Amino acid sequence: MQQAAIKNIVIVGGGTAGWMTATALSTILRGQYNIRLVESDEIGIVGVGEATIPMIQRFNQVAGIDEAEFMKATQGSYKLGIEFVNWGRVGDRYIHGFGVLGQDLWTVRFDQYWQRLRGLGKARELDEYSITRMAARHNKFMPPRRDLANSPLSDIAYAYHFDASLYARYLRTVSEQRGVRRTEGKIAQVSQRADDGYVDAVVMESGERIEGDLFIDCSGFRALLIEGALKTGYEDWNHWLPCDRALAVPCESVSPLTPYTRATAHRAGWQWRIPLQHRTGNGHVYSSAFMEDEEAQRILLANLDGKPLAEPRMVKFRTGMRKLGWNKNVVAMGLASGFLEPLESTSIHLIQSSIARLVQFFPDRGFNQLEVDEYNRQSRFEYERIRDFVILHYKLNQRDDSDFWKQCAAMPVPDSLQHKLDLFRARGRVVRFDNELFAEAGWLQVMHGQNLKPEGYDPLVDLLPVEEAEKYLESIRDVIGQCVQHMPDHAEYIAQHCAAT
Ligand code: FAD
């Protein structure tokens with residue numbers, strides 16, 4: 001245990017992770033600490049994180065970020081969910097919409113009635129019972145109307161798409177206004193104390209020595225401090241998630257401006273499509289063991305909405321997590337802490353939750369190993385649960401058109417995921433482990449969307465006569481249909497409230 005009080009915080013890296021951390025800490029710590037951020041223009045940022053999940057609204061609230069201003073600054077659009085194309089079988093399509101599904105009745109979940117009636121041919125597609133899925137299908141958007149209690153309009157969960165480079169730039173302005181000092185240049189060396197190996201400074205190529213008590217490693221895949229200096233180790237999950245490369249390219253946008261991300265499965269991976277105001281972001285995530293780079297690029301370019309606006313850029317990655325996110329006086333955030341492919345847009349959320357956790361266990365008087373261990377335990381739990389959710393998409397495929405998909409369908413999965421699959425298969429039940437990120441509605445939408453058929457259903461469903469269950473489902477569907485009709489068009493909403501100038 002080390003007891004010196006913390007005064008100087010050094011953030012290494014100025015990508016999304018670095019500037020989110022700088023923004024949050026400069027806001028929450030209210031100027032009581034010296035915060036410096038070091039970044040290298042020559043190295044640059046990865047700049048491809050463009051889709052988020054609804055929890056980012058909480059980050060914006062805590063950081064005091066105005067939504068309209070932030071949307072304008074980042075060419076943002078709204079996101080109600082993700083459309084998955086070709087994941088179960090080629091030709092399949094479903095949306096994982098944010099927020100709730102239907103409306104539960106007493107102690108029985110909505111989807112249990114839906115499943116029962118679907119079996120009898122008396123229920124429609126799941127889309128029709130979810131406000132976010134229906135709005136996405138019709139390219140509609142509006143924020144929730146909290147004043148309309150009991151209406152689905154009061155409960156519209158949403159997130160954002162934005163230009164990652166503009167986001168980092170925007171957060172830099174916010175952070176610098178709140179006292180964060182930025183140093184541009186390349187770090188040449190990391191200096192550690194001889195007695196305990198704690199990092200005491202980073203040394204710039206210019207020779208400048210930047211000393212600190214707490215270091216936040218946001219140096220991206222380089223992981224300069226957490227791995228380069230501290231040799232923390234990395235847990236590789238490639239055997240479950242075999243994609244290891246992405247080719248990214250922006251292209252011209254088309255109308256309509258869709259309020260959802262699209263993930264289209266290809267022969268050995270999948271392609272994202274993220275609509276922004278000024279362009280559409282695209283990328284092909286694939287497994288180099290199953291596909292050559294040239295073919296991956298050909299597929300990517302053949303599946304764009306419009307003319308490419310740049311040359312495709314390759315990013316290589318290893319899926320997995322750092323064995324410790326917090327080691328000695330270094331806390332890793334963002335890509336330095338691990339990587340999960342962006343299938344469910346979770347990386348920016350992982351940065352946000354690492355910041356929240358660091359604040360919760362903030363080492364104002366030095367480092368308490370008990371708290372460091374708890375931070376690491378919670379981080380692992382969060383990472384592993386998201387990992388399971390991403391694996392689920394691969395495991396639940398019925399494609400026989402490539403060895404890649406056949407291998408994914410046959411692979412053994414982590415016990416924690418197998419447990420969820422077994423429970424669902426028996427009676428369509430889904431459990432949420434503690435406060436894991438994705439709630440039951442998320443798991444259910446992927447399981448149903450990828451054709452996993454439960455053998456039974458909750459016996460309590462039969463306590464409601466079929467005709468009444470039908471009426472109950474029909475009333476939900478009817479109300480959602482009417483609400484969506486009254487929602488504005490997504491592009492019109494943006495034009496009125498947050499168009500970039
Ligand atoms: P980077 O952006 O790489 O920043 C690293 C920083 O460290 C840079 O400022 C660099 O200059 C600095 N640095 C490194 N070495 C040195 C040095 N020696 N001296 C000085 N400075 C140094 N996330 C989502 O939530 N949604 C998505 O849709 C999504 N899509 C993605 C698609 C792909 C293909 C990839 C790879 C990631 C995606 N992510 C997504 C993840 C997201 O991009 C990252 O989590 C996020 O951008 C954070 O990156 P970072 O800040 O950790 O690293």
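## Close-up views of the predicted model

**View 1. The backbone just beyond helix α13.** Just after α13, the residue Asn451 adopts a positive phi of about 70°. The coordinates shown in this and the following views belong to a predicted model.

**View 2. Helix α13 and its surroundings.** Helix α13 spans residues 440–449, and because nine of these 10 residues are buried, the helix is largely enclosed by the rest of the structure. The buried residues of α13 are Ala441, Gly442, Trp443, Leu444, Gln445, Val446, Met447, His448 and Gly449. Among the elements that cover these buried residues are two strands, β4 (81–85) and β5 (93–97), together with the helices α4 (110–119), α10 (369–395) and α12 (415–427).

**View 3. Glu344 in the loop between β21 and α9.** Glu344 lies in the loop that runs between β21 (338–339) and α9 (347–360), and in the unreviewed UniProt entry this residue is covered by the annotation "binding site". Glu344 has 23 other C-beta atoms within 10 Å, and because 20 or more are needed for a residue to count as buried, Glu344 is classed as buried. When residues up to four places away in sequence are left out of account, Glu344 touches Ile82, Phe389 and Val390.

**View 4. Strand β15, covered on both faces.** Strand β15 comprises residues 269–275 and is mostly covered, with seven of its seven residues buried. On one side of the strand the buried residues are Gly269, Gln271, Arg273 and Pro275, whereas on the other side they are Trp270, Trp272 and Ile274, so that both faces of β15 are covered.

**View 5. The pairing of β14 with β15.** Strand β14 (residues 261–266) pairs with β15 in the antiparallel sense, and five bridges are found between the two strands. Within this pairing, Ala263 is placed opposite Trp272 of β15, a tryptophan that is itself buried. The two strands make up a hairpin, in which two residues lie between β14 and β15.

**View 6. The pairing of β15 with β16.** Strand β16 (residues 280–286) is joined to β15 by seven bridges, and these two strands likewise run antiparallel. Gln271, one of the buried residues of β15, has His284 in β16 as its bridge partner. The connection from β15 to β16 is a hairpin that passes through four residues.

How values were computed:
Residues numbered from 1 in each chain as written. Predicted model: local features only at pLDDT ≥ 70, side-chain atom pairs only at ≥ 80, totals over all residues. UniProt positions renumbered as here; feature names shortened; annotations may be inferred. Buried ≥ 20, exposed ≤ 12 C-beta atoms within 10 Å, placed from the backbone. Contact = placed C-beta atoms within 7 Å. Pairing = 2+ DSSP bridges.
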